[in-house]
Amino acid sequence: MTVLLRTRVTSIGPEVADLAEGGVVILFADGSPPELAEVSVLHKTELGPSDGAPQKGASITLGPVSAVITAVGSSAWSKVLEMGHVVISFNGAAEAERPGEICASQVDAQALVAALKTDAIITIAA
């Protein structure tokens, strides 16, 4: 397995749990503007991101929660490379609705909310 991105959660915005209950997690690298931090999981990269974007079938783990990537928007990985930003939708969609979105298989919403903690590790691997 090749790790494309491994990052550590540094803080959780006050509105993150509400979004996660709907299956959406927004990542932003440390130092994002305060208005974005409110809805974002801030993180610090430990490995990667790789030059190549993940493909359908790659794995994504957020702490103990694991899913399979089902779609990658056209600009999603370039945003990860540029500013550590991506919207992850755990909706199982075969096509990303937005260019900056990565879609993954559905997960238990309560487990996802519980996994969103400071120091949790998020990994995308192929």
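**Notebook: strand 5, helix 3 and the barrel**

I began at Ile 69 and looked across to strand 7, where the residue standing opposite is Ala 104. I note at the outset that this is a predicted model, and I read each entry below with that in mind.

Staying with this pair of strands, I found that strand 5 (residues 65-72) and strand 7 (residues 101-104) run antiparallel and are joined by three bridges. I then went to Val 72, whose bridge partner in strand 7 is Ile 102.

Next I turned to the other neighbour that I had listed for strand 5, and found that strand 4 (residues 59-62) pairs with strand 5 in the antiparallel sense over four bridges. Within that pairing I looked up Thr 61, and its bridge partner in strand 5 is Ser 66. The hairpin formed by strand 4 and strand 5 has two residues between the strands, and in this hairpin Gly 63 takes a positive phi near 60°.

I then asked in what order the eight strands close into a barrel. I traced the order as 1-3-2-6-7-5-4-8, with mixed pairing, and the twist from one strand to the next averages 35°. In that order strand 5 stands between strand 7 and strand 4, which are the two strands whose bridges to strand 5 I had already followed.

From the barrel I moved to helix 3 (residues 76-83) and asked which of its residues are buried. I recorded Ala 76, Trp 77 and Val 80 as buried. These three lie on the same side of helix 3, because they cover an arc of only 95° around the axis. I also checked what the buried residues of helix 3 pack against, and my list reads strand 1 (3-12), strand 5, strand 6 (86-89), strand 7 and strand 8 (121-125). Just after helix 3 I came to Gly 84, which takes a positive phi of about 65°.

Finally I went through the backbone of two loops. In the loop between strand 3 (41-47) and strand 4 I located Pro 49, and the peptide bond that joins Gly 48 and Pro 49 is cis, with omega at about 5°. In the loop between helix 4 (109-115) and strand 8 I stopped at Asp 119, which has a positive phi of about 80° although it is not a glycine.

Methods
Residues are numbered from 1 along each chain as its sequence is written. This is a predicted model: local features need pLDDT of at least 70, side-chain atom pairs count only at pLDDT 80 or more; totals for chains, interfaces and linings use all residues. Side-chain values use heavy atoms; hydrogens and water are left out. Two strands pair if DSSP finds at least two bridges between them. Axes are lines fitted to C-alpha atoms, for helices over the stretch in contact, and angles run from 0 to 180 degrees between N-to-C directions. Buried means under 20% relative accessible area, exposed over 50%, partly exposed in between (1.4 Å probe, protein chains only). The arc is that of the directions from the helix axis to the C-beta atoms. Contact means heavy atoms within 4.5 Å.
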